[in-house]
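User: I am new to this structure and would like to learn how to read its features one at a time. Could we begin with the aromatic rings?

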Amino acid sequence: MHHTHIDRYAGLSSPVHALDARAKLLATVAFVFLVVLTPDGWFLSYGAYLLLAGAAVLASRVPAGYVLRRSLSIFPFALAVSVFVPFITPGPELWRFDWGPVSGAVTAPGLARFASLSLKTLISFLATITLVAATPFGELMEAAGRLGLPSRMVVVLSFMYRYLFLIVDETSHMLLARNLRGGGGKSLLRASGGIVGALLVRSFEHADRLYFAMLLRGYDGRTVSLRPFHLTVRDAALSGGFLGLTALGLILGGFFHA
């Protein structure tokens with residue numbers, strides 16, 4: 001199988017990789033929480049957040065281009081939700097347009113909110129993708145379970161990540177077989193329908209066999225990590241320092257904005 005794993009750089013050696021997975025997860029969640037809670041227009045705070053997210057990327061030694069491409073690939077979906085904010089937010093008008101039956105205006109508060117939402121989204125994606133890229137997915141799920149995420153959700157997410165590659169590989173084989181048998185043209189829709197049905201049946205069969213194989217190997221519903229978890233003073237200090245700088249950026253942004 002030839003697939004791109006979201007944790008493809010988890011085997012690197014860096015200060016971020018060496019951190020305990022629980023410390024990284026808590027720091028990232030708290031960082032995103034502070035970013036989301038930052039009021040609109042506090043651009044000094046957003047600049048500080050970007051510097052911190054960039055520093056985390058550099059410290060992780062994950063290629064910055066990889067993190068940026070991943071972030072920008074998801075960014076348009078979030079942008080589609082906030083693109084109408086400049087037109088629906090009340091406030092002083094910056095630009096008015098009248099295109100036949102369609103009329104509206106771009107307001108200053110709406111433009112500031114749109115820019116703030118865009119920056120919040122980008123910063124959150126940068127932090128989250130860095131976390132996932134620098135941590136093996138199994139360890140990340142184990143850390144989430146130890147921090148209180150329901151065990152069933154941990155199991156579902158872990159299996160979804162692992163077995164998604166099997167389904168993608170099976171689909172690629174079916175598509176190749178369809179193309180070799182001349183399944184295009186008018187018969188494309190019929191052949192695609194057959195692929196979806198066969199894939200559904202095979203997925204059930206794979207899941208059934210895998211479940212019984214796991215039961216035979218002693219599976220009891222809990223995930224087990226081969227790497228021991230040790231939360232050290234260094235882990236707590238680095239995570240706390242990162243969050244302290246984030247809080248400082250929030251305070252400075254409020255001070256200068258006022």
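User: Which residues form one aromatic cluster, and how should I read such a cluster?

Analyst: The general idea is that rings of Phe, Tyr and Trp (its six-membered ring) pair if their centres lie within 6.5 Å, and that planes under 30 degrees apart count as stacked, over 60 as edge-to-face and the rest as tilted. In this structure, Phe31, Phe43, Tyr46, Tyr49 and Phe242 form one aromatic cluster, and the rule gives a count of 6 aromatic pairs. The ring centres of Phe31 and Phe242 are 5.2 Å apart with their planes at 45 degrees, so this pair is tilted. Because Phe31 lies in helix 2 (residues 21-37) and Phe242 in helix 10 (residues 233-257), the pair ties together parts that are 211 residues apart in sequence. Helices (H or I, at least four residues) and strands (E, at least two) are DSSP runs, numbered from the N terminus. Residues are numbered from 1 along each chain as its sequence is written, this is a predicted model in which local features need pLDDT of at least 70 and side-chain atom pairs count only at pLDDT 80 or more, while totals for chains, interfaces and linings use all residues. Side-chain values use heavy atoms, with hydrogens and water left out.

User: How far apart are the ring centres of Phe43 and Tyr46, and are these two residues buried or partly exposed?

Analyst: The ring centres of Phe43 and Tyr46 are 6.0 Å apart and the planes stand at 65 degrees, so the pair is edge-to-face. Both residues belong to helix 3 (residues 43-60), where they are 3 residues apart, about one turn of the helix. In general, an α-helix has 3.6 residues a turn, so residues three or four places apart point the same way. For burial, the cut-offs are under 20% relative accessible area for buried, over 50% for exposed, and partly exposed in between (1.4 Å probe, protein chains only). Phe43, at 39% relative accessibility, counts as partly exposed, whereas Tyr46 is buried at 1%, and Phe31 is buried as well, with a relative accessible area of 0%.

User: Where is the confidence lowest, and where is it highest?

Analyst: Confidence is given as pLDDT, the predictor's score for each residue, from 0 to 100. The protein averages a pLDDT of 82, and 87% of the residues score at least 70. The lowest confidence is in strand 1 (residues 93-99), at a mean of 74, and the highest is in helix 3, at 94. As a general caution, where pLDDT is low, the predicted coordinates should not be read in detail.

User: How many salt bridges are there, and how should I read them?

Analyst: Side chains of opposite charge can pair when their charged atoms come close. The rule used here asks for a side-chain nitrogen of Lys or Arg within 4 Å of a carboxyl oxygen of Asp or Glu, and by it the count comes to 5 salt bridges. One of them joins Asp20 to Arg22, with the closest N and O atoms 2.9 Å apart; Asp20 is buried at 6% relative accessible area, and Arg22 is buried at 18%. Another links the side chains of Asp40 and Lys120 (3.8 Å, N to O). Since Asp40 lies in the loop between helix 2 and helix 3 and Lys120 in helix 6, the pair ties together parts that are 80 residues apart in sequence. Asp40 is partly exposed at 27% relative accessibility, while Lys120 counts as buried at 11%.

User: Which residues does a salt bridge join in helix 7, and how covered is that helix?

Analyst: Glu142 forms a salt bridge with Arg146, their closest N and O atoms being 3.1 Å apart, and the two are 4 residues apart in helix 7, separated by about one helical turn. Glu142 counts as buried at 11% relative accessibility, but Arg146 is partly exposed at 45%. Elsewhere, salt bridges that share partners join Asp40, Arg113 and Lys120 into one network. Helix 7 (residues 137-146) is mostly covered, with 7 of its 10 residues buried, among them Phe137, Leu140 and Met141. Just after helix 7, Gly148 takes a positive phi of about 115 degrees.
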